[in-house]
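The exercises below ask you to work from the coordinates to a reasoned statement, one step at a time. Please try each task before reading its solution.

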Amino acid sequence: MAGRVLSIEIGYSLTRVCELDYKAKTPKVYKSFTVPTLDGVVNDGALQLDTHYLEGLRGGMREHNIKAKQVIFSISSGKIANREVTIPFVKENRIGDVVRAKASEYFPMELSQYELAYTILETMGEEKGNKQYKLIVLAVPAALLKGYYDLAAALRLDVAAIDYAGNSLFQIVKKECTTGTHLIAKIDERSTLIMVIQDQKIAFTRNVAYGVDEALQVVGDSAAWGTIRNIRQAIQIVEQNNCIELEAGDRPLEALSREDAAKRHVTEALAPMVGGIVRVIDYYISRNPAVIDTVHITGVGANFLGMNDLLQKEIDYPVSIIKKVEGLNLEKYFKEGFFGEYLSCIGAVMAPVNFKLHEDKSKAKGKSAGKGGTSAVGGVSQGWTIFAWVLFAVGLLSAAGMTAFSILTYLEAEKENAELKRQVEELKPIVDVYNTYIDVKAEYNKVKAMYEITESRNDELYEFLLELEQKLPADVNVVTFTTDRSQVTITMNVSTKGEAAATIEQLRTFESLLPESITVTAVTEEVDEENNSITVNFTVAALYAPVNHGDEEVEEAAEGEDAAGSTENADAAGGADNSGAAQ
């Protein structure tokens, strides 16, 4: 099987899609895009198809002019059981038979509702009599696979293969791990896959049930980096801005600017994921003599500016982001951003484990039996001759009936085909209208994105000054006034401390300011002995109140919101040692 294929990985927040060459050593990436994964579509790898989600996928395929007729899925689920086993050295086409014969030993459970697959880790032994295969054997529920076959049918695509995400990742990073011991951490929205590769062989895998979903939510909710309407925009923000607090200061949260406070919250949201990775590393090195040479991170979490530095603070090994893959030249195909979140899609086409869904087939065989054995075998031959003629006549009539039915069915299909062709001709003008709509919408989105970049609280400065003029007491003298994207600082003077207190209380009524953020500093008194008067000088700093968007913007944000299902496997540091196996 060759040619182009569509490779899909369905995450909790985003579905990643690539069109690329199938089973090529250096697959070329033709197209890549993401669509939102709606709430409830995926739950621990199992799919619940949704009409709006399907329309989003179909729309993405149309927009990117996808030509592939086959699809590969890369899936990750805690429902996929796995074992690392050794079997005798047999011909490769007999390995499947050996695995099926011993499946009940590998998985002590009811296997009638599971499908099996395996991948060869290595061939052990040198002499012919001592050779063995080391395998990872996987068992996946047939019901889970059926959801992906149903999705392929809904997209009018044939399933070329279904791969496990751990194998997809291994196929693409093993070229970077030819010698030594390397730890790969694929950080996704709600889970992190950790894999140790030693001399191009899988030595250890674990899943940590934490990702960056909560941190991306904090970025979107904080408004510190502007208005963010969906998960894709949040990812772009963390790619372009340092949203992680690498050096925690001693200042209390209320004394920080909005952006610094948001950084602290983002870092706190990442703490469970970082802690999970650290515990898995400690678990591995406590049971294995090999020292980890490097730690590589990829996935959507690697898009965070400073993520490698954050992890580096907690471990003693060098941490780097996978930005190139030996021999694949992926940076050529992903010029506008990181390709880390597409690695499973790319690796799935190289050497998938290929789960297959086998339909149950009844194997009933019709057998004729006489009512009496002696009668059936020793009867008169004339009776058999009559029976044969009757059977021939019935068959002839059946054939004639089937032929007539086939002709009528063909004529009906031909008529329906002509009607459909007529409808196609009538609807052809709509194609131009639709293409125009797509072009206009793309230009609108560009202009809208450009405008959002220029948005600032200074756009509302005039309204704030009007409120200042209307609400401040008349005898308050404003000495200096400074403002930025998040806060305002005003130096003022009045005649008495009482007037200063009244002024501060009045500021707390401003709709444009956060009342709890108002702080007063540098209160001084100046005595004018000549005029026998006192001047009280003080400085007030306050954060702007969040912008109250209209209902239309709120609804638009809600439509673009991405959601996810339940988390993957629990933190493996406390689980059983299952070296070489994938959760």
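A salt bridge is taken here as a side-chain nitrogen of Lys or Arg within 4 Å of a carboxyl oxygen of Asp or Glu. The model is a predicted one, and every value below is computed from it.

**Exercise 1. Decide how Glu 341 and Arg 16 are related, and where the two residues lie.**

Step 1. The closest N and O atoms of Glu 341 and Arg 16 are 3.0 Å apart, and the pair forms a salt bridge; the count for the structure by this rule comes to 17.

Step 2. Glu 341 belongs to the loop between helix H10 (330–333) and helix H11 (343–348), whereas Arg 16 is in strand S2 (residues 14–21), so that the pair, 325 residues apart, links distant parts of the chain.

Step 3. Both Glu 341 and Arg 16 are buried, and they are linked with Glu 189 and Arg 232 in a network of salt bridges.

**Exercise 2. Characterise the salt bridge of Glu 84 with Lys 134, and say whether each partner is buried or exposed.**

Step 1. The closest N and O atoms of this pair are 3.2 Å apart.

Step 2. Glu 84 is in strand S7 (residues 81–88) and Lys 134 in strand S9 (residues 132–141), 50 residues apart, which again is a link between distant parts of the chain.

Step 3. Buried means under 20% relative accessible area; Lys 134, with a relative accessible area of 17%, is therefore buried, while Glu 84, with 31%, is partly exposed.

**Exercise 3. Check the length of helix H4, then examine the residues along the helix.**

Step 1. At 1.5 Å a residue, the 13 residues of H4 (residues 142–154) should span 18 Å, and this agrees with the 18 Å between the end C-alpha atoms.

Step 2. The buried residues of H4 include Leu 144, Leu 145, Tyr 148 and Leu 151.

Step 3. Within H4, Lys 146 and Asp 150 meet in a salt bridge of 3.1 Å, N to O; because they are four residues apart, they are separated by about one helical turn. Lys 146 counts as partly exposed at 43% relative accessibility, and Asp 150 counts as partly exposed at 34%.

Step 4. Just after H4, Arg 156 takes a positive phi of about 60°.

**Exercise 4. Which residues of helix H7 are buried, and what caps the N-terminal end of H7?**

Step 1. In H7 (residues 231–240), the buried residues are Ile 231, Ala 234, Ile 235, Ile 237 and Val 238.

Step 2. Seen down the axis of H7, these buried residues fall within an arc of 155°, so they line one face of the helix.

Step 3. The cap is Asn 230, a side-chain oxygen of which lies 3.2 Å from the backbone nitrogen of Arg 232.

**Exercise 5. Place two residues with positive phi, Asn 65 and Gln 200, in their surroundings.**

Step 1. Most residues other than glycine have a negative phi. Asn 65, which is not a glycine, has a positive phi of about 55°, and the phi of Gln 200 is near 65°.

Step 2. Asn 65 is in the loop between helix H1 (51–63) and strand S6 (70–75), and Gln 200 is in the loop between strand S12 (192–198) and strand S13 (201–208).

Step 3. Asn 65 counts as partly exposed at 47% relative accessibility, and Gln 200 counts as partly exposed at 35%.

Terms used
Residues numbered from 1 in each chain as written. Predicted model: local features only at pLDDT ≥ 70, side-chain atom pairs only at ≥ 80, totals over all residues. Heavy atoms only, no water. Buried < 20%, exposed > 50% of the residue type's maximum accessible area, 1.4 Å probe, protein only. Arc of directions from axis to C-beta. Polar contact = N/O pair within 3.5 Å; in protein donor to acceptor, adjacent residues only side chain to side chain. Expected span 1.5 Å × (residues − 1).
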